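Hi,

Here is the structure I promised to pass on. Have a look at it first, and then read my notes underneath.

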Amino acid sequence: MVELAINGGKPIRDNYIVYGRQWIDDADIEAVTAILKGDFLTTGPAVDQFEKKLAEIVGAKYVVAFANGTAALHCACFAAGIGPGDEVITSPLTFAASANCVLYMGGEPVFADVDPDSYNISVEAIEEKINSKTKAIIPVDLTGRPCEIEAIMALADKHNLVVIQDSAHALGARIAGKTVGSIAHMTEFSFHPVKHITTGEGGAIATDNKEYYEKLKLFRTHGITRDEEVLIKNEGPWYYEQHELGFNYRITDLQCALGLSQLDKLDHFVERRKEIAEQYRTGFLNSELLVTPMRNDTRVVSSWHLYVIRLNLELLTVGRREIFEALRAENIGVNVHYIPVYYHPYYKKLGYKKGLCPASEAIYDGIISLPMFPKMSDEDIDSVISGVLKVLEYYRK
Ligand SMILES: *Cc1c(COP(=O)(O)O)cnc(C)c1O
């Protein structure tokens with residue numbers, strides 16, 4: 001058997017491949033440079049243009065862009081009216097921001113377990129957690145695969161709840177013929193460099209609801225308004241009023257110029273991610289040592305932010321950690337998405353305990369994210385497949 005790199009053998013790749021990264025081209029650089037030469041660095045016309053274009057793409061009436069996706073989630077929780085005493089149901093298999101935004105508003109995150117096949121929040125598990133204190137649901141489109149948003153919306157209607165879809169992974173995804181961003185009350189996107197498009201840091205909320213739209217804009221800028229229609233009095237042209245305790249969560253024209261230019265490439269980015277996922281799937285088709293993620297079908301179309309394999313630990317002599325370290329030694333930049341949120345010491349301190357969501361915990365024990373970004377070459381993909389099979393076969397029982 002071939003010697004693993006971790007045991008002194010030759011790595012499958014000569015250079016290290018990361019798990020995710022941006023794709024910046026000359027058009028992006030020109031777009032940002034033009035802003036630097038212009039009049040507005042922060043809030044200018046590019047912010048408005050970016051919001052309008054994104055709204056068109058995701059099929060929403062309004063989009064409000066923010067300094068980052070976490071700020072967008074915080075603002076959405078404000079707009080939804082979440083406060084002390086309110087419970088908000090979310091998935092434990094996500095980035096901490098999906099639950100932290102509830103804590104920012106003084107609310108209480110409640111974790112509902114995920115479906116063992118899709119790794120997305122289970123609709124039945126949500127239903128079990130709903131009680132008189134429940135105010136909202138924050139379902140997550142993990143890895144870019146849309147959650148069961150239509151069933152979740154029906155549940156929310158029945159119980160009068162606000163749905164904030166965390167679609168940080170799912171720009172360009174579709175479900176039941178609808179674009180992600182056109183279904184939930186509010187949908188959040190992130191433009192961190194590993195996500196589908198980047199603005200450096202950045203995020204947005206898409207909504208059809210005018211009241212949410214106004215609240216999102218208010219909270220983004222200190223809770224301050226200059227809108228003559230809502231001012232309590234008007235002392236003159238300089239006058240403005242603070243109506244809420246908001247934040248400075250503004251996005252800049254520099255970021256939005258980059259975002260606009262990146263949106264031109266979104267379709268291409270998503271298509272390439274789909275190709276990579278398909279190439280991985282066929283590459284792993286004959287291995288019983290791992291489980292590949294659910295495929296796209298006519299109803300559910302993932303935009304593949306991440307490609308997460310699950311190890312078949314019963315057939316392996318070692319655990320995820322050894323496999324992970326062996327893959328890194330092969331120069332394959334694997335990662336893990338995610339540590340269940342309530343495992344974090346901060347959440348433990350709040351009283352959350354291991355055992356809360358058994359399916360999520362079991363999934364966490366066996367998952368590894370493989371490199372997935374549009375700029376990967378076919379050779380890169382092949383080397384990752386070979387590296388994974390090399391390591392897994394070595395540790396076969
Ligand atoms: C990236 C991400 C966010 C937002 O993150 P920012 O870095 O603040 O833009 C929110 N939720 C999930 C699941 C994410 O992956």
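Below is what I found, going from the overall fold to the ligand site and then to two spots in the backbone.

Before anything else, keep in mind that this is a predicted model.

**The chain as a whole**

The protein chain contains 13 helices and 15 strands. Its C-alpha trace spans about 80 × 55 × 40 Å along the principal axes. Is that what you'd expect from a compact globule, and what radius of gyration does the chain have? For 397 residues, a compact globule would come out near 21 Å, and the protein chain has 22 Å, so the two agree.

**The ligand site**

Where does the ligand sit? You'll find it in the second largest pocket. There are 15 residues around the ligand, and the ones that come nearest are T70, D166, H169, S190 and K195. Sorted by class, that shell is made up of four nonpolar, eight polar and three charged residues.

As for which elements build the shell, α3 (69-79) and β8 (186-190) each put in at least two residues. The largest share belongs to α3, with three residues.

Three of the side chains around the ligand are worth pulling up on screen:

- D166: one of its polar side-chain atoms is 2.8 Å from a nitrogen atom of the ligand.
- S190: an N or O atom in its side chain lies 2.7 Å from a ligand oxygen atom.
- K195: here a polar side-chain atom is 3.0 Å away from an oxygen atom of the ligand.

And how much of the ligand does the protein cover? On its own the ligand has 390 Å² of accessible area, and the protein covers 92% of that.

**Two backbone spots**

Away from the ligand notes, I marked two places to check when you go through the loops. One is the peptide bond between H337 and Y338, which is cis, with omega at about 10 degrees. Y338 belongs to the loop that runs between α10 (320-329) and α11 (345-349).

The other is Y119, a residue other than glycine that has a positive phi, near 70 degrees. You can find Y119 in the loop between β3 (108-111) and α5 (123-129).

If you only have time for one view, I'd start from the pocket that holds the ligand, the second largest one, with D166 shown beside the ligand nitrogen atom and S190 beside the ligand oxygen atom.

Over to you, and thanks for taking this on.

Cheers

Methods:
Residues numbered from 1 in each chain as written. Heavy atoms only, no water. Near = heavy atom within 4 Å. Polar contact = N/O pair within 3.5 Å; in protein donor to acceptor, adjacent residues only side chain to side chain. Areas by Shrake-Rupley, 256 points an atom, 1.4 Å probe, with all protein chains shown as cover. 1 Å grid on protein atoms, 1.4 Å probe; cavity = no way out; pocket = protein on both sides within 12 Å on 5 of 7 lines; lining within 4 Å. Sits in = over half its atoms within 2 Å of the grid points. Helix = DSSP H or I, 4+ residues; strand = E, 2+ residues; numbered from the N terminus. Nonpolar A, V, L, I, M, F, W, Y, C, P; charged D, E, K, R; others polar. Rg over C-alpha atoms; globule rule 2.2 N^0.38 Å.
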